[in-house]
Amino acid sequence: DIDKLLGRALALWPNNHEAFELRQRVYCLYADKAIATGDLGSIDADGFVRVQGRLKNLLITSLGRNIAPEWVERELQQEPEIATAMVVGEAQAHLAALIIPTAAGSTPARIEAAVARANRRLPDYAQVRAWVLPAEPFTFANGALTANGRLRRANILRAQEPLIRQL
């Protein structure tokens with residue numbers, strides 16, 4: 001039963017004739033024809049998949065909450081003042097974020113207001129309680145982003161460790 005898959009999205013083997021029908025729909029006819037993708041998500045009543053994050057990026061706070069950082073980052077990045085955000089908080093009581101502003105002239109007060117607006121859309125346990133501006137933006141050249149613009153979390157954590165410890 002698809003509902004017993006604990007929210008993990010599955011993808012079918014490429015040779016399944018139904019896999020091409022709708023990209024957003026997952027047909028799980030037989031469990032042995034499905035492979036785990038590592039995505040965290042849910043399947044709605046119509047069979048559409050909502051991907052919420054990656055299992056390998058899951059943060060477990062000191063309070064035992066499992067939080068997909070991509071969800072919180074997406075909320076932060078909806079604010080016009082925030083170009084990129086990386087949420088941290090593994091084994092911590094609260095979440096924090098490394099924030100890259102959209103403009104060089106962004107003031108801390110404007111960033112703080114943007115974080116507050118994003119927090120209003122998040123439940124208490126997923127709100128960002130502290131944030132910091134790294135000295136340089138995340139780029140492919142400095143190893144912080146992949147070629148297609150995704151965060152290289154391990155590289156950023158390593159490079160920004162002293163800054164993250166201050167949060």
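The protein chain of this predicted model exposes an area of about 10,400 Å², and carbon and sulfur atoms supply 53% of that area. Of the 167 residues in the chain, 37% are buried. Among the contacts in the chain with a separation of 6 or more, 49% are made by residues that stand 24 or more positions apart.

**Elements and sheet**

The chain has four helices and eight strands, and from the N terminus on these elements follow one another as β-β-β-β-β-α-β-β-α-β-α-α. Three of the strands form an open sheet in the order β6-β7-β8, with mixed pairing. Strands β6 (82–88) and β8 (128–132) stand at the edges and have a single partner strand each, so one side of each strand is left without a neighbour in the sheet. On average, neighbouring strands of this sheet are turned by 30° against each other, if direction is ignored.

What makes the pairing mixed can be read from the two pairs of strands. Strands of a sheet pair through backbone hydrogen bonds, and they do so either parallel or antiparallel. Here β6 and β7 run antiparallel and are joined by six bridges, whereas β7 (residues 95–101) and β8 run parallel and are joined by four bridges. In the antiparallel pair, Val88 stands opposite Ala96 in β7, and Met86 stands opposite Leu98 in β7. In the parallel pair, Leu95 stands opposite Val128 in β8.

The strands β6 and β7 also form a hairpin with six residues between them, and in its turn Gly89 has a positive phi of about 155°. How many residues of each of these two strands are buried? In β6, five of the seven residues are buried, so this strand is largely enclosed by the rest of the structure; in β7, six of the seven residues are buried, and the strand is mostly covered.

**Helices on the sheet**

Helix α1 (residues 69–77) packs on the sheet, where it touches β6, β7 and β8, and its direction makes about 155° with that of β6. Helix α2 (residues 108–120) lies across β6, β7 and β8 as well, and it runs at about 150° to β8.

Glu73 is one of the residues of helix α1. Is Glu73 buried or exposed? With a relative accessible area of 5%, Glu73 falls under the 20% limit and is therefore buried. Leaving out residues up to four places away in sequence, Glu73 touches Ala85, Met86, Val87, Leu151 and Arg153. One of these contacts, Met86, is the residue that stands opposite Leu98 in β7.

In helix α2, Ala116 is partly exposed, at 30% relative accessibility. The C-alpha atoms of Ala116 and Val128 are separated by 8.4 Å, and the two residues are 12 residues apart along the chain.

**An aromatic pair and a charge**

A search of the whole structure finds one aromatic pair. A pair of aromatic rings is described by the distance of the centres and the angle of the planes. The pair consists of Trp71 and Tyr125, and it is tilted, with 6.3 Å from centre to centre and 50° between the planes. Trp71 lies in helix α1 and Tyr125 in the loop between α2 and β8, so the pair ties together parts that are 54 residues apart in sequence. Tyr125 also has a charged partner, since the charged end of Arg65 sits over its ring, 3.9 Å from the centre.

**A residue between two helices**

Where is Gln160 placed? Gln160 is found in the loop between α3 (153–159) and α4 (161–166). Apart from neighbours within four places in sequence, Gln160 is in contact with Leu98 and Pro134.

The table sets out the accessibility of the residues discussed above.

| Residue | Relative accessibility | Class |
|---|---|---|
| Glu73 | 5% | buried |
| Gln160 | 14% | buried |
| Trp71 | 22% | partly exposed |
| Ala116 | 30% | partly exposed |
| Tyr125 | 33% | partly exposed |

Both rings of the aromatic pair thus belong to partly exposed residues, Trp71 at 22% and Tyr125 at 33%, while Gln160 counts as buried at 14% because the limit for buried residues is 20%.

Conventions
Residues numbered from 1 in each chain as written. Predicted model: local features only at pLDDT ≥ 70, side-chain atom pairs only at ≥ 80, totals over all residues. Heavy atoms only, no water. Pairing = 2+ DSSP bridges. Axes fitted to C-alpha atoms, helices over the stretch in contact; angles between N-to-C directions. Contact = heavy atoms within 4.5 Å. Buried < 20%, exposed > 50% of the residue type's maximum accessible area, 1.4 Å probe, protein only. Phe/Tyr/Trp six-rings, centres within 6.5 Å; stacked < 30°, edge-to-face > 60°. Lys NZ or Arg CZ within 6 Å of the ring centre and 35° of its normal. Areas by Shrake-Rupley, 256 points an atom, 1.4 Å probe, with all protein chains shown as cover.
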